[in-house]
Amino acid sequence: MPRIELTTEVQAALEAVFDACLDVGMHTESMGTSAERAVGGVTTGRLKAGDTVTWEARHFGLSWAMTVRITDYRRPHAFTDEQIRGPFGRWHHEHSFMPDPADPSTTVMRDVIDFTAPMGPVGGLVASLILRPYLQRLIARRNAYLAATLAKPPRHDEARPEPTGEGGAQMGHR
């Protein structure tokens with residue numbers, strides 16, 4: 001069974017990262033390249049224990065639908081989503097979150113995904129050679145989007161001067 005393991009550091013509080021990962025709108029925004037959208041179950045707001053959502057997206061030029069359920073929910077440390085209907089033989093995605101011991105204002109987000117493709121040995125070959133690298137890039141892009149979106153704003157002492165239009169400078173932040 002193919003496995004994907006990713007670790008991403010996010011410059012944001014543990015609770016904010018956990019909540020963003022369960023936010024339907026944030027998920028949709030982060031998956032823009034595949035035009036993913038929620039079409040069933042919980043379609044707006046934040047998912048919680050027991051919720052289901054059906055995602056539609058385009059991958060490999062084809063439209064796909066997958067319904068997942070939040071089967072484990074331990075805010076703000078972990079949750080799991082599992083496919084209950086869709087293209088995979090199995091989809092089990094564990095999300096875990098912990099403060100970075102070196103910097104408690106940073107959250108270490110970890111994804112562990114176990115999946116199988118249908119169609120026996122042929123599906124296993126497709127899963128290993130095509131789906132695993134594709135999905136790893138897809139989840140890495142999603143995580144990079146979340147990290148950039150949740151990044152802390154600059155501190156006041158890092159503010160840059162902005163022109164006042166009168167030859168002088170005025171302190172401000174962008």
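A residue counts as buried when its relative accessible area is under 20%. With that cut-off in hand, this predicted model can be read from its overall layout down to single residues.

The protein chain has 174 residues, of which 40% count as buried. Its secondary structure comes to three helices and nine strands, and from the N terminus on the elements follow the order β-α-α-β-β-β-β-β-β-α-β-β. Among contacts between residues at least 6 apart in sequence, 47% join residues at least 24 apart. The accessible surface of the chain comes to about 9,700 Å², and 56% of this surface belongs to carbon and sulfur atoms.

The confidence of the prediction should be considered next. The mean pLDDT of the protein chain is 89, and 87% of the residues reach 70 or more. Among the elements, β5 has the highest mean pLDDT, at 98, whereas strand β9 (residues 169–171) has the lowest, at 35. Over residues 157–174 the pLDDT is below 50, and this stretch has 18 contacts in the model beyond near neighbours in sequence. Where pLDDT is low, the predicted coordinates should not be read in detail.

The aromatic residues offer a way into the interior. A pair of aromatic rings is described by the distance of the centres and the angle of the planes. The structure holds eight aromatic pairs. In one of them, Phe-88 and Trp-91, the ring centres are 4.9 Å apart and the planes stand at 35 degrees, so this pair is tilted. Phe-88 counts as buried because its relative accessibility is 14%, and Trp-91, with a relative accessible area of 7%, is buried as well. Phe-88 also pairs with Phe-115: here the centres are 5.7 Å apart and the planes are at 75 degrees, so the pair is edge-to-face. Phe-88 lies in the loop between β5 (78–85) and β6 (90–100), while Phe-115 belongs to strand β7 (residues 103–116); the pair therefore ties together parts that are 27 residues apart in sequence. Both Phe-88 and Phe-115 are buried.

A further group of rings is the aromatic cluster formed by Phe-18, Tyr-73, Phe-79 and Phe-97. One of its members, Phe-79, lies in strand β5 and counts as buried because its relative accessibility is 2%. Leaving out residues up to four places away in sequence, Phe-79 touches several residues, including the cluster members Phe-18, Tyr-73 and Phe-97. Cys-21, Leu-22, Ile-70 and His-93 are also among the residues that Phe-79 touches. The C-alpha atoms of Phe-79 and Ala-49 are 8.3 Å apart in space, although 30 residues separate the two in sequence.

Strand β7, which holds Phe-115, is also the place of Val-108. With a relative accessible area of 16%, Val-108 is buried. Its contacts, not counting residues up to four places away in sequence, are with Thr-7, Thr-8, Glu-9, Ser-96, Phe-97, Met-98 and Asp-100. Val-108 and Val-10 are 98 residues apart in sequence, yet their C-alpha atoms are 6.4 Å apart in space.

A buried polar residue appears in the loop between β2 (37–41) and β3, where Asp-51 is found. The relative accessible area of Asp-51 is 12%, so this residue is buried. A polar atom of the Asp-51 side chain lies 2.9 Å from the backbone nitrogen of Lys-48. Leaving aside neighbours within four places in sequence, Asp-51 is in contact with Val-42, Arg-46, Val-68, Arg-69 and Ile-70.

The path ends at helix α3 (residues 120–150), which bends by about 45 degrees at Ala-127. Among the buried residues of α3 are Gly-123, Ala-127, Leu-131, Tyr-134, Leu-135, Leu-138 and Arg-142. An α-helix has 3.6 residues a turn, so residues three or four places apart point the same way. The cover over the buried residues of α3 includes β1 (3–10), α1 (14–21), α2 (24–30), β3 (52–59), β6 and β7. Gln-136 also has its place in α3, but counts as partly exposed because its relative accessibility is 24%. Gln-136 touches Ile-4 and Leu-6, not counting residues up to four places away in sequence. Between Gln-136 and Arg-3 the C-alpha distance is 9.4 Å, with their positions 133 residues apart in sequence.

Technical notes: Residues are numbered from 1 along each chain as its sequence is written. This is a predicted model: local features need pLDDT of at least 70, side-chain atom pairs count only at pLDDT 80 or more; totals for chains, interfaces and linings use all residues. Side-chain values use heavy atoms; hydrogens and water are left out. Rings of Phe, Tyr and Trp (its six-membered ring) pair if their centres lie within 6.5 Å; planes under 30 degrees apart count as stacked, over 60 as edge-to-face and the rest as tilted. Buried means under 20% relative accessible area, exposed over 50%, partly exposed in between (1.4 Å probe, protein chains only). Helices (H or I, at least four residues) and strands (E, at least two) are DSSP runs, numbered from the N terminus. The bend at a residue is the angle between axes fitted to the seven residues ending there and the seven starting there. Contact means heavy atoms within 4.5 Å. pLDDT is the predictor's confidence in each residue, from 0 to 100. A polar contact is a pair of N or O atoms within 3.5 Å; within protein, one must be able to donate a hydrogen and the other to accept it, and residues adjacent in sequence count only if both atoms are side-chain atoms. Accessible areas come from the Shrake-Rupley method with a 1.4 Å probe; for residues, only the protein chains shown count as cover.
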